[in-house]
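Reader: Please take one strand of this protein and go through it closely. I would like to know how it sits among its neighbours, and then how the rest of the chain is built.

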Amino acid sequence: MKKQVIILAALAAFFLAGCTEEKLSPVSSENNTPQAENFPADVSILLEKYTVEEEIDISEIGQLPDNFDNSMLSDSLYDFYIVTFLWGKLPHTSSSTDLITDWSGSLAVNGPSKVFALHPIDFEPNQDSLIPEDNPHGEKWASSTQNDFDGVLFLVLFDKLTPTFAPQILTFDTNPVKLQFDFHQLVHMRAFYRIDSVNSVAVSSQKIRPRVCPEGYFTGRWIKADSSHSEGHFEALWFAHSGDTIGYLSGRFWTNEEGHGILRGWVSGYITDQVIAELNGTWIYDDKRMCPICGVGHGQFKGRLKFLEHDADGYFRGEFGNYELPPNDQVMPLHGRWQLNCVAIMTDDFPGDN
């Protein structure tokens with residue numbers, strides 16, 4: 001199942017109402033860079049679900065990478081851009097081909113600004129992938145298309161204060177085409193480039209104001225009640241993003257009559273035992289050492305969170321188990337993360353969701 005970016009439906013109206021048709025040329029014409037053409041309506045509709053509001057919580061769009069420092073979201077050093085690239089056979093194309101096009105490449109900036117891949121789009125397992133690299137100024141990927149398309153949604157942090165010898169340029173560099181943009185172009189942009197009779201590239205970019213949401217993490221134990229593995233309880237320490245201990249998480253999990261995993265939990269205060277938050281969610285086993293969605297040595301969970309005193313809502317998700325441990329262990333490690341006042345922190349679904 002391909003991952004789908006979860007964004008409020010109302011955000012789709014941005015392209016229909018707030019974005020004008022533009023013919024934009026990249027700042028460089030080397031390597032016979034094609035000129036931008038009118039944006040096809042079918043491609044515009046496709047890009048609507050990757051459009052966001054001007055003020056947005058980044059986690060509503062995709063999973064923040066492990067090397068992302070949340071403190072950057074409130075740092076006045078940066079301006080923030082959401083940039084989406086789609087490539088391959090986009091919906092407007094009626095031609096088909098037997099040839100495979102290699103789109104492996106990178107998105108990078110020639111300066112102190114930073115580039116983060118938030119979400120791959122229509123990547124095929126064992127064929128397309130983001131390539132991990134310890135380089136905050138760029139991202140790389142492996143991608144090939146035939147009669148389909150791929151893409152990536154990026155968060156770009158423009159360092160507007162650090163002096164540079166030359167203007168900073170964002171470069172999309174692949175085998176079929178190289179495109180370069182300055183950050184004035186990226187404030188509010190759509191651009192479409194036809195590569196050949198089948199392939200094309202679509203670009204969408206907008207400047208945003210990140211909204212930082214309270215968040216944290218928890219770590220503890222998932223404890224099965226018996227050999228049926230269908231019920232038990234969990235316990236964990238509940239932390240703020242800073243690492244300060246907020247309280248204790250405890251709860252129970254079970255399987256309902258329909259066979260869905262259900263959990264309920266409570267967070268009590270670190271100093272007192274007063275309940276400060278409630279959790280309700282779902283869980284599944286997914287240990288593929290035995291079989292998909294049935295192996296009991298590993299699992300995942302997610303759900304909704306409510307802080308009682310402040311009437312604040314949020315979300316949580318996590319996993320339990322360890323593939324280095326025997327699959328039938330009764331007590332398994334548990335860890336997860338939580339976030340308040342945000343639309344979603346999940347980018348995929350699993351059985352048991354309502």
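**Strand E4 and its surroundings**

Author: Strand E4, residues 105–109, is largely enclosed by the rest of the structure, because four of its five residues are buried. Buried here means under 20% relative accessible area. The model is a predicted one.

E4 has pairing partners in strands E7 and E10. With E7, residues 138–142, E4 pairs in the antiparallel sense over four bridges. One pair of residues to look at is Ala-108 and Gly-138, the latter being the bridge partner in E7. With E10, residues 169–174, E4 also runs antiparallel, and five bridges join the two strands. On that side, Ser-106 has Asp-173 of E10 as its bridge partner.

Elsewhere in the chain there is a closed barrel of eight strands, in the order E14-E15-E16-E17-E18-E19-E20-E21, with antiparallel pairing. Neighbouring strands of this sheet are turned against each other by 25 degrees on average, direction ignored. Within the barrel, E16 (residues 245–255) and E17 (residues 261–269) run antiparallel and are joined by nine bridges. Phe-253 stands opposite Leu-263 of E17.

As for the protein overall, its secondary structure comes to 21 strands and two helices. Of its 354 residues, 50% count as buried. Taking contacts between residues at least 6 apart in sequence, 65% join residues at least 24 apart. The accessible surface comes to about 16,900 Å², and carbon and sulfur atoms account for 51% of that surface.

Definitions and conventions
Residues numbered from 1 in each chain as written. Predicted model: local features only at pLDDT ≥ 70, side-chain atom pairs only at ≥ 80, totals over all residues. Heavy atoms only, no water. Buried < 20%, exposed > 50% of the residue type's maximum accessible area, 1.4 Å probe, protein only. Pairing = 2+ DSSP bridges. Axes fitted to C-alpha atoms, helices over the stretch in contact; angles between N-to-C directions. Contact = heavy atoms within 4.5 Å. Areas by Shrake-Rupley, 256 points an atom, 1.4 Å probe, with all protein chains shown as cover.
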